[in-house]
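Let's take a walk through this protein together, starting with what a record says about it and ending with a few individual residues. Please load the model and keep the sequence beside it.

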Amino acid sequence: MTSSKTSPALSRRRFLGAATAAGAGLAAAGSARAEAPKPDPLITDVQDWNRYLGEGVDKRPYGTPSRFEKHVVRRDVSWLTASPESSVNFTPLHELDGIITPSGLCFERHHGGIADIDPASHRLMIHGLVDKPLVFTMEDIKRMPRENRVHFLECAANSGMEWRGAQLNGCQFTHGMVHNVMYTGVPLRVLLAEAGLKPNAKWLMLEGADASGMNRSLPVEKALDDVLIAFAMNGEALRPEQGYPLRAVIPGWEGNLWVKWLRRIEVGDMPWQAREETSKYTDLLADGRSRRFTFFMDAKSVVTNPSPQAPLKHKGSNVLSGLAWSGRGTIKRVDVTLDGGRNWQHARIDGPVLEKSLTRFYVDFDWNGQPLLIQSRAMDSTGYVQPTKEELRKIRGTNSIYHNNGIQTWHVKANGETENVEIG
């Protein structure tokens with residue numbers, strides 16, 4: 001007995017064939033002189049990747065990006081510092097999407113170059129105002145209760161070149177001292193509980209094992225709250241440039257506190273007034289006074305596409321993309337303007353919205369070739385609204401290079417080229 005029921009696949013094929021025939025008939029009826037479309041050789045010809053066998057599974061034991069993505073790299077600005085061992089490179093924000101930064105693209109900031117440490121020889125010492133001074137091996141730490149958390153890390157000097165006006169042409173250079181990864185580690189409060197804090201313990205001094213002896217003072221309250229002593233990021237061991245084998249993760253606070261290659265924590269009753277919290281990482285005001293211990297990274301955002309390194313290439317439908325973050329909580333809203341602030345619209349926030357993490361936003365828009373002045377403005381869960389650069393300068397002047405979270409402006413020209421500008 002045969003069935004009269006037609007299979008779905010066969011029905012689709014017949015429908016497509018009928019639609020093609022009908023389309024051809026309409027075209028012929030519409031214009032007897034209409035030329036048939038020319039075949040696209042990228043479709044009709046056999047390509048090399050169809051013709052030859054590719055590499056086997058034994059060729060790349062640690063995976064790498066496609067050779068066609070070799071332009072997606074961290075970049076530095078050679079004139080910023082006297083030496084690359086005490087310098088910075090920048091995350092290519094305009095090349096990324098989502099909220100997780102690939103480990104190989106996380107910006108680097110070093111004060112004495114990358115320490116090359118054998119984890120079997122690494123030790124973490126806790127001493128000072130504690131009941132029991134302790135030394136931990138990496139194996140000791142990995143046997144303790146661990147947590148996984150996604151947080152952004154932002155250098156306090158991110159956007160620092162922009163305090164006195166538009167400088168560097170590309171969001172990689174204006175905002176690229178930030179990245180966002182999943183860290184795995186042990187809460188610092190677990191380690192401190194092992195040592196036991198004395199009643200007069202108020203501050204910790206975190207010290208790295210790099211050649212600079214990088215160190216910073218940290219309030220005990222923060223240490224007991226959400227600080228993580230991390231040995232992994234994005235599911236694998238820390239990269240050497242990110243502090244392998246052990247680093248501090250200080251969520252929401254300036255990156256200089258996130259001591260890499262962490263080897264020592266001293267407990268005391270007052271801050272240490274270290275080099276990186278006196279001569280540097282203080283905010284010099286217009287009247288000559290300095291703000292110090294400005295730990296928090298306030299709400300900030302940037303449009304990554306379009307931007308100077310990612311100009312508009314097509315008229316019609318386009319997608320604006322950007323990132324927002326806050327060291328005081330979560331991002332609640334992002335507004336975007338295409339006309340320099342005359343009209344604002346709510347951006348579409350997509351993906352996870354996490355505490356002290358980068359948040360991705362989008363605006364779908366049509367572009368007909370008109371010039372644009374693009375800005376984004378973030379609001380966090382405390383109600384704080386990202387300020388303009390001019391609002392910041394009225395309070396803090398232009399002497400500082402730290403904690404610049406002012407609104408960024410991109411000028412898109414009629415040909416799609418985009419540049420860093422400021423508007424009054």
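Which residues does UniProt list for "domain: Oxidoreductase molybdopterin-binding"? The entry, which is unreviewed, gives residues 111-273 for this feature. Bear in mind as you look that the model is predicted. In it, the C-alpha atoms at the two ends of residues 111-273 are 17 Å apart, and this span is 13% helix and 35% strand.

How far can the prediction be trusted? The average pLDDT over the chain is 92, and 92% of the residues score at least 70. Residues 1-32 are another matter: the pLDDT there is below 50, and the stretch makes 2 contacts in the model beyond near neighbours in sequence. Where pLDDT is low, the predicted coordinates should not be read in detail.

Now zoom out to the whole chain. Its 424 residues include 8 helices and 23 strands, and the C-alpha atoms fill a box of roughly 90 × 65 × 45 Å along the principal axes. As for the surface, about 21,500 Å² is accessible, and carbon and sulfur atoms contribute 54% of that. Of the residues, 48% count as buried. The contacts reach across the sequence too: among those with a separation of 6 or more, 72% link residues 24 or more positions apart.

A good place to see such pairing is an open sheet of 5 strands, ordered 18-17-21-22-23 with antiparallel pairing. At its edges are strand 18 (345-346) and strand 23 (418-421), each of which pairs on one side only. Start from strand 18 and step inward: strand 17 (residues 331-337) is joined to strand 18 by 2 bridges, and Val336 faces Gln345 across this pair. On the next step, 6 bridges connect strand 17 with strand 21 (residues 372-380), again antiparallel, and here Ile331 stands opposite Asp380. Strand 21 then pairs with strand 22 over 4 antiparallel bridges, where Gln375 sits opposite Thr409. While you trace these strands, remember that in a regular strand the side chains alternate between the two faces of the sheet.

Stay in this region for a residue in a loop. Ile407 lies between helix 8 (389-396) and strand 22 (409-412). Is Ile407 buried or exposed? Its relative accessible area is 8%, so Ile407 is buried, the cut-off being under 20%. Leaving out residues up to four places away in sequence, Ile407 touches Gln375, Ser376 and Arg377, along with Gln386, Pro387, Thr388 and Lys389. Arg377 shows how the fold brings separate parts of the sequence together: Ile407 and Arg377 are 30 residues apart in sequence, and their C-alpha atoms are 6.4 Å apart.

Finally, turn to Asn89, which is part of strand 2 (residues 89-90). Asn89 has a relative accessibility of 14% and therefore counts as buried. What does the side chain of Asn89 reach? The answer is the backbone nitrogen of Glu108, at 2.7 Å. Glu108 also appears among the residues that Asn89 touches, together with Arg74, Arg75, Asp76 and Phe107, once residues up to four places away in sequence are set aside.

Technical notes
Residues are numbered from 1 along each chain as its sequence is written. This is a predicted model: local features need pLDDT of at least 70, side-chain atom pairs count only at pLDDT 80 or more; totals for chains, interfaces and linings use all residues. Side-chain values use heavy atoms; hydrogens and water are left out. Buried means under 20% relative accessible area, exposed over 50%, partly exposed in between (1.4 Å probe, protein chains only). A polar contact is a pair of N or O atoms within 3.5 Å; within protein, one must be able to donate a hydrogen and the other to accept it, and residues adjacent in sequence count only if both atoms are side-chain atoms. Contact means heavy atoms within 4.5 Å. UniProt positions are given in the numbering used here, feature names are shortened, and annotations may be inferred rather than shown by experiment. Two strands pair if DSSP finds at least two bridges between them. pLDDT is the predictor's confidence in each residue, from 0 to 100. Accessible areas come from the Shrake-Rupley method with a 1.4 Å probe; for residues, only the protein chains shown count as cover.
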